[in-house]
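Colleague: Could we go through this model together? I would like to start with the overall make-up and then turn to the aromatic residues.

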Amino acid sequence: MAMPTGEAPAEVATTELPEIVKTVQEAWEKVEDKYAVSSLVVAGAVAVWASSGMISAIDRLPLVPGVLELVGIGYTGWFAYKNLVFKPDSIVRKDVNILHVVCISIF
């Protein structure tokens, strides 16, 4: 292709594909049943789309989000009570004991 100014066109730079693209291409070439893998990818995309719609529908219900939030807060409190505070070798308990000793020694 000649330029209107009469100059010769610059050489087109060849761009190399990123390493991840090469890796994906090599992995795709090794796959024996491409139809099954493609079907699983499509099924996964449909499942993500459907679950997103379901979560959106649940979120629009008037009481459900608040109830689920309370359940989450309750479970978090129970977990902290059971596993973090009253476990004999818990980190929180050690920190509280160290803080208690430091406060007693200061006052």
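Modeller: The fold comes before the aromatic residues below. This is a predicted model, in which local features need pLDDT of at least 70, side-chain atom pairs count only at pLDDT 80 or more, and totals for chains, interfaces and linings use all residues. Residues are numbered from 1 along each chain as its sequence is written, and side-chain values use heavy atoms, with hydrogens and water left out.

Colleague: How many helices and strands are there in the protein?

Modeller: The protein has 4 helices and 0 strands, where helices (H or I, at least four residues) and strands (E, at least two) are DSSP runs numbered from the N terminus.

Colleague: And what share of the residues counts as buried?

Modeller: Of the 107 residues, 1% are buried; that means under 20% relative accessible area, with exposed over 50% and partly exposed in between (1.4 Å probe, protein chains only).

Colleague: Turning to the rings, how many aromatic pairs are found?

Modeller: The search of the whole structure gives 2. Rings of Phe, Tyr and Trp (its six-membered ring) pair if their centres lie within 6.5 Å; planes under 30 degrees apart are stacked, over 60 edge-to-face, and the rest tilted. Tyr75 and Trp78 form a tilted pair, with 5.6 Å centre to centre and 35 degrees between the planes.

Colleague: Where do Tyr75 and Trp78 lie?

Modeller: Both are in helix H3, 3 residues apart, about one turn of the helix. Helix H3 covers residues 64-85. Ring pairs link Tyr75, Trp78 and Phe79 into a cluster.

Colleague: Is Trp78 buried or partly exposed?

Modeller: Trp78 is partly exposed, at a relative accessible area of 45%.
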